[in-house]
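Student: I would like to work through how to read a few features of a model. Could we start with a single residue and then go on to helix packing?

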Amino acid sequence: MTQDELWDQKWLQYMQFMHDNHRCPSKYAPEERNMVNWAKHNRKVRNKGLMKPGRISKFKQLTDEAMKLHRTNQYG
């Protein structure tokens, strides 16, 4: 399995988790921590400008979906 295929598989796993559970993975749950660390690593890679161009749009889609699920208080 190539690195691109592995990245796509983890991206799909993260998106599927958000759609199934209507929330982002938690850093406190041991079974979800790998997904959190994967997203955190990719966020750092993107911010450094080292992310491959094909992955940037998919990762942006993932972060946009995550922001839709972001909880806000009653005043926000």
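Student: Is H22 buried or exposed?

Tutor: This is a predicted model, and the value is computed from it. Residues over 50% relative accessible area are called exposed. H22 has a relative accessibility of 61%, so H22 counts as exposed.

Student: Where is H22 found?

Tutor: H22 is found in the loop between α1 and α2. Its backbone is worth a look too: phi of H22 is near 55°, a positive value in a residue other than glycine.

Student: How are two packed helices described?

Tutor: By the angle between their axes and the distance between the axes. Take helix α1, residues 3-21, and helix α2, residues 33-48: they pack at an angle of about 120°, and their axes are 11 Å apart.

Student: What is the orientation of α1 and α2 to each other?

Tutor: Angles over 145 degrees would count as roughly antiparallel and 65 to 115 as roughly perpendicular. The angle here is about 120°, and α1 and α2 are therefore oblique to each other. Their crossing is left-handed.

Student: Which residues in α1 meet α2?

Tutor: On the α1 side they are W7, K10, W11, Q13, Y14 and F17, and they meet M35, W38, A39 and N42 in α2. Sorted by class, this contact has seven nonpolar, two polar and one charged residues.

Student: Now the other pair. At what angle do α1 and α3 cross?

Tutor: The same two descriptors apply. The axes of α1 and helix α3, residues 53-68, cross at roughly 15° and come within 10 Å. That makes α1 roughly parallel to α3, since angles under 35 degrees are classed that way. The crossing of α1 and α3 is left-handed.

Student: Which residues in α3 are met by α1?

Tutor: R55, K58, F59, Q61, L62, E65 and A66 in α3 are met by Q3, D4, W7, D8, W11, Y14, M15, M18 and H19 in α1. By class, the contact of α1 with α3 has eight nonpolar, three polar and five charged residues.

Student: W7 has come up twice. Where does that appear in the lists?

Tutor: W7 is among the α1 residues that meet α2, and W7 is also among those that meet α3. W11 and Y14 are likewise listed for α2 and for α3.

Student: And Q3: is Q3 buried or exposed?

Tutor: Q3 lies in helix α1. At 58% relative accessibility, Q3 counts as exposed.

Student: How many residues apart in sequence are Q3 and K58?

Tutor: They are 55 residues apart in sequence, and 15 Å apart in space, C-alpha to C-alpha.

Conventions
Residues are numbered from 1 along each chain as its sequence is written. This is a predicted model: local features need pLDDT of at least 70, side-chain atom pairs count only at pLDDT 80 or more; totals for chains, interfaces and linings use all residues. Side-chain values use heavy atoms; hydrogens and water are left out. Axes are lines fitted to C-alpha atoms, for helices over the stretch in contact, and angles run from 0 to 180 degrees between N-to-C directions. Helices (H or I, at least four residues) and strands (E, at least two) are DSSP runs, numbered from the N terminus. A crossing is left-handed if the near helix is turned anticlockwise from the far one by less than a right angle, and right-handed if clockwise. Contact means heavy atoms within 4.5 Å. Ala, Val, Leu, Ile, Met, Phe, Trp, Tyr, Cys and Pro count as nonpolar, Asp, Glu, Lys and Arg as charged, and the others, Gly among them, as polar. Buried means under 20% relative accessible area, exposed over 50%, partly exposed in between (1.4 Å probe, protein chains only).
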